[in-house]
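Student: I have a chain open on my screen and would like to be quizzed through it. Can we go step by step?

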Amino acid sequence: ALERALEWRHALLLLGHSVGLEPWNTAASACGKASEWQRCLELLTAVVPSEVTFNVSMNACLHGSKWALALRLSSALRAAHGAPHLFALHDLLGACERGMARR
């Protein structure tokens, strides 16, 4: 619910009382949807990221038009967990294409 409501500040406050990665991923997703990609990356560095954490972070970067950073995250994801999901690659390629078209 916090993710859908873009309540990223509230989601961040709840992290101190949480166990596991799901609350971190939810908070990161809420930050990304609120165009707070920098905060999302701060969360990424605060945990040992899962594949979901990487995908949420890549998506936040893409929403913030940071496609080059999203590409670097996809490389880190590949090193840690193997190839990204097809949907993540599709979003990444589309964002790179839009970024290159702006040049």
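What follows is a set of questions and answers on this predicted model.

Student: Which pattern does the chain follow along the sequence?

Tutor: Start with the count of elements. The chain has six helices and zero strands. Read from start to end, the pattern is α-α-α-α-α-α.

Student: What share of the residues in the chain is buried?

Tutor: Buried here means under 20% relative accessible area. The chain has 103 residues, and the buried share of them is 39%.

Student: Are H3 and H4 roughly parallel or roughly antiparallel?

Tutor: Take the angle. Helix H3 spans residues 37–46 and helix H4 spans residues 51–63; they pack at about 160 degrees, with axes 9 Å apart. Angles over 145 degrees count as roughly antiparallel. H3 and H4 are therefore roughly antiparallel.

Student: Is the crossing of H3 and H4 left-handed or right-handed, and which residues make the contact?

Tutor: The crossing of H3 and H4 is left-handed. From H4, the contact uses Thr53, Phe54, Val56, Ser57, Ala60 and Cys61. From H3, it uses Trp37, Cys40, Leu41 and Leu44.

Student: How many charged residues does that contact of H3 with H4 have?

Tutor: Sort the residues by class. Eight are nonpolar and two are polar. The number of charged residues in the contact of H3 with H4 is zero: there are no charged residues.

Student: How are H2 and H4 oriented, roughly parallel or roughly antiparallel?

Tutor: Helix H2 covers residues 22–33. H2 and H4 pack at about 10 degrees, with their axes 8 Å apart. Angles under 35 degrees count as roughly parallel. H2 and H4 are therefore roughly parallel.

Student: Which residues of H2 meet H4, and how many polar residues does the contact have?

Tutor: On the H4 side are Val52, Thr53, Val56, Ala60 and His63. On the H2 side are Asn25, Ala28, Ser29 and Gly32. The contact of H2 with H4 has no charged residues and four nonpolar ones, while its polar residues number five.

Student: Is Cys40 buried or exposed?

Tutor: Cys40 is found in helix H3. Leaving out residues up to four places away in sequence, Cys40 touches Ala28, Cys31, Val56, Ser57 and Ala60. Its relative accessibility is 0%, so Cys40 counts as buried.

Student: What separates the C-alpha atoms of Cys40 and Asn25?

Tutor: Cys40 and Asn25 are 15 residues apart along the chain. Their C-alpha atoms are separated by 9.0 Å.

Student: Which side chains meet in a salt bridge?

Tutor: The structure holds one salt bridge. Its N to O distance is 3.4 Å. One partner has a relative accessible area of 35% and is partly exposed: Arg39. The other is partly exposed at 21%: Glu36. The pair is Arg39 and Glu36.

Student: Where does Ser35 lie, and what is its phi?

Tutor: Most residues other than glycine have a negative phi. Ser35 lies in the loop between H2 and H3, and it is partly exposed at 47% relative accessible area. Ser35 is not a glycine, yet its phi is positive, near 60 degrees.

Student: What is the phi of Ser65?

Tutor: Ser65 sits in the loop between H4 and helix H5 (67–81). At 44% relative accessibility, Ser65 counts as partly exposed. Though not a glycine, Ser65 has a positive phi of about 60 degrees.

Methods
Residues numbered from 1 in each chain as written. Predicted model: local features only at pLDDT ≥ 70, side-chain atom pairs only at ≥ 80, totals over all residues. Heavy atoms only, no water. Axes fitted to C-alpha atoms, helices over the stretch in contact; angles between N-to-C directions. Helix = DSSP H or I, 4+ residues; strand = E, 2+ residues; numbered from the N terminus. Parallel < 35°, antiparallel > 145°, perpendicular 65-115°, else oblique. Left-handed = near helix turned anticlockwise from the far one by under 90°. Contact = heavy atoms within 4.5 Å. Nonpolar A, V, L, I, M, F, W, Y, C, P; charged D, E, K, R; others polar. Salt bridge = Lys/Arg side-chain N within 4 Å of Asp/Glu carboxyl O. Buried < 20%, exposed > 50% of the residue type's maximum accessible area, 1.4 Å probe, protein only.
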